[in-house]
Amino acid sequence: MTSTAEAPLPSCGALDYGGGMREVSIVGAIEEYLAYHHLKEPLRAFQNEVERQNLLFEPSRASLRVTRDVEDVLRNFDDGEMNKFLEAWQRVMPESFHCSKKGRSLELRLHAHFATLSSRQILQAGQEPDAACLHQDLEPFRSFLAERDVDDGGGEEALMPLFALPFVQRPYAQPNVKDIFSQRWLHELRRDVEDALRSQQPVIPVIYDVLEQQSNPEMGDRAWQSVWAELLRLADTSLDAMALLGQGVPVAPELLCGARQQLELLREHVPGGLELQLKSQLDPRPGISPMSPARSVRSRAATAMPRMPREVNFFTLAQFVCAGAEERRLRFGDGAPTLAAVLRAVLQRIASAESPVAERRGFLVSVACFDVLGVRSRPDVLPQLMSDPGLAELVLGILAVLACEAVGRRYIVANLASVERMVDVLKLQPLDSSLHIQALAAMQRLSLRRAAQDRMIALGIVEWVVGVLGWQGEGQGTPSEFSLEFGSAMLMNLALRSAGKRKCVEQDTLTVALNLMEHWNPQIRTHINGTLYSLLSVVSFRARAKNAGLEGVLRSIHAQAISLTDEISARQIEYLLEQLNPQEQAQGDGAESGEDDEDDDENFLEEEELAGLLLGDRSGISAEEALRPFLVSEPGVVEVQSREFQNCVGRNYAPTR
């Protein structure tokens, strides 16, 4: 909830079981009951034990112990610490669970997970595991299976491939086994592990609910109104997500994760809520689901409104960044920080995961609002900074983060010379270099805007992307998973334009698409499907696709998606089949299917992860030290900046609901 009004005081029912008003009421009720029946010895013993346990001032140890156990075991699971996990798993879960059908099947899946963990990570990085290393990793699992029989799988057909895992060559490429190496399989396993752990939560005593029903309703009216308002907002968001899924549009993982986190908080305020188990399959922790460059859901508003950094004089900061070396020395003195230190500080303020999103977004808006990079006032500065070998990496990192927000993209494309310079970097730098990674991230995000799309197409980016996606052993090196994912997303955006479609048709885009349509990364598959959907509106491309047997390929993929209950992939393929066989035969290159620049309202700063590659070394000058010369010293500057900042926010960000 985004209201700035003071939050109402919670009712006693909103507090934890232990160390709160509710606990005081219950202890008092028990003492009253014992005294009423003249049970003096039990009363004295109860009072002594309450005091010894410090029950009135600390949260209940019963719930805390389970919570800590769950967190510790899941942390070991996520960190891949097999021995620590299995030791804690044996300790936390009861013997009855280990002997049950569910416990045996889960143990089998856990051992398979740790045996394939290293190979799964290698595959995620776009590489192929070494056969000898994989064989060595699977050896403990082979020994584990030797001590068990098929019945330990609980008779579940879905677990049968696990028994073949150590005995097949290149299991990650075998149709019946490769699912074990997927993120979906891992997420399902983690969900089941968490459900099993949380099932050990002790049953909340009935007395809590009894006293809750008798409590004064007026005490919690305002608190309950807040809870219901938030639940209704989450329900509304869920309906939006269901509507999108019904149309075959994937729902962004961050939307579902955010909703799940909020439900975790709300359940603490509902009687019996801590006993409920949430069944969503997405892990709420950031970083578990890989970031996708493609925007699956139109964001109606930023999740956290920008908060202005009032302590920084952005007018002076812009003068420093845009000045020449000699001008900078004369104006700011020899003791001023280096330009590299200042740019790193700017990057840290807009990208550091340690800072709240509202503050990062506020600094980002200020960079654009006050033209810190001279895009509007000094158009020559930004291309020059990108041409400086000592600064290019930092500048590209800043541009990549700016491009996460609509206001940042609008700011950058106001001077297309910077886009031209990024194209040069993209074409010349090795695919695994940091310069290439930052440039590709920035350009993929900028490809959401029409002006940038047109310039990229004119500069030959379509040809370059098709060459990278269809790499044949030449050029700038082997494309990484990152290059394939962000490159395919950029191609999908460029193929929305008629000029982009024509460029794609001139290239061997169909062959490239056929080779990537069954890629293990679902994001790459989605981008390729989106590109094909646009190109199939071109009559000549559609005819070539039919002659190449695309329809048969699509129907085969569709059948596989149905068998795997992958509804999103199945729906995408259905759209492609409809586009391949349209009821009305269109002529020409197909209509423009993209959006105009005024429709660009995507804000996804929360998902930015790449800048961490440039912020890893904190041994140098800190952001606070580097920005110290630019602190506001005059109240009038704060007032002027605040007014311009609010105007900029009003133009670029819709208020949150």
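This report walks through a predicted, all-helix-and-loop chain, from its overall make-up to a few helices and single residues.

**The chain as a whole**

The model is predicted, so local features are taken from residues with pLDDT of at least 70 and side-chain atom pairs from pLDDT 80 or more, while totals for chains, interfaces and linings use all residues. Residues are numbered from 1 along each chain as its sequence is written, and side-chain values use heavy atoms, leaving out hydrogens and water.

There are 32 helices here and zero strands; helices are DSSP runs of H or I with at least four residues, strands are E runs of at least two, and both are numbered from the N terminus. Of the 657 residues in the chain, 46% are buried. Buried means under 20% relative accessible area, exposed means over 50%, and partly exposed is in between, using a 1.4 Å probe and protein chains only. The accessible surface comes to about 32,700 Å², and carbon and sulfur atoms own 53% of that; these areas come from the Shrake-Rupley method with a 1.4 Å probe, and for residues only the protein chains shown count as cover.

Contact means heavy atoms within 4.5 Å. Among contacts in the chain with a separation of 6 or more, 77% join residues 24 or more positions apart.

**Around H28**

Which residues of helix H28 are buried? In this helix, residues 539-547, they are Phe541, Arg542 and Ala545. Looking down the axis of H28, the buried residues fall within an arc of 100°, so they line one face of the helix; the arc is that of the directions from the helix axis to the C-beta atoms. An α-helix has 3.6 residues a turn, so residues three or four places apart point the same way. The cover over the buried residues of H28 includes helices H25 (498-506), H26 (509-516), H27 (522-535), H29 (550-563) and H30 (567-580). Just after H28 sits glycine 549, with a positive phi of about 80°.

Some of those covering helices also pack on one another. Two packed helices are described by the angle between their axes and the distance between the axes. The axes are lines fitted to C-alpha atoms, for helices over the stretch in contact, and the angles run from 0 to 180 degrees between N-to-C directions.

H27 and H30 pack at about 15° with their axes 10 Å apart, and are therefore roughly parallel to each other. Roughly parallel covers angles under 35 degrees, roughly antiparallel over 145, roughly perpendicular 65 to 115, and the rest are oblique. H27 passes H30 in a left-handed crossing, that is, the near helix is turned anticlockwise from the far one by less than a right angle (clockwise would be right-handed). On the H27 side, Arg525, Thr526, Asn529, Leu532 and Tyr533 meet Ser569, Gln572, Ile573, Tyr575, Leu576 and Gln579 of H30.

H26 and H27 pack at about 145°, with axes 10 Å apart, and their crossing is left-handed. Here Thr509, Leu510, Ala513 and Leu516 of H26 meet Arg525, Ile528, Leu532 and Leu535 of H27.

Leucine 469, in helix H23 (residues 461-469), ties into this region. With 9% relative accessibility, leucine 469 is buried. Leaving out neighbours within four places in sequence, leucine 469 contacts Leu484, Ser488, Leu491, Val512, Leu516 and Ile528. Its C-alpha is 8.3 Å from that of leucine 516, 47 residues apart in sequence.

**H13, a mostly covered helix**

How many residues of helix H13 (residues 314-322) are buried? Seven of its nine are, leaving H13 mostly covered: Phe314, Thr316, Leu317, Ala318, Phe320, Val321 and Cys322. Their cover includes helices H14 (325-332), H15 (339-351), H16 (357-369), H17 (381-387) and H32 (635-652).

**Loop residues**

Four loop residues are set side by side below.

| Residue | Loop | Relative accessible area |
|---|---|---|
| Histidine 38 | between H1 and H2 | 64%, exposed |
| Arginine 376 | between H16 and H17 | 45%, partly exposed |
| Threonine 565 | between H29 and H30 | 65%, exposed |
| Aspartate 601 | between H30 and H31 | 32%, partly exposed |

Most residues other than glycine have a negative phi. Histidine 38, though not a glycine, has a positive phi of about 55°, and threonine 565 has a positive phi near 55°.

Aspartate 601 and alanine 406 are 195 residues apart along the chain, with C-alpha atoms separated by 5.4 Å. Arginine 376 touches Ala368, Cys369, Phe370, Asp371 and Tyr411, not counting residues up to four places away in sequence.
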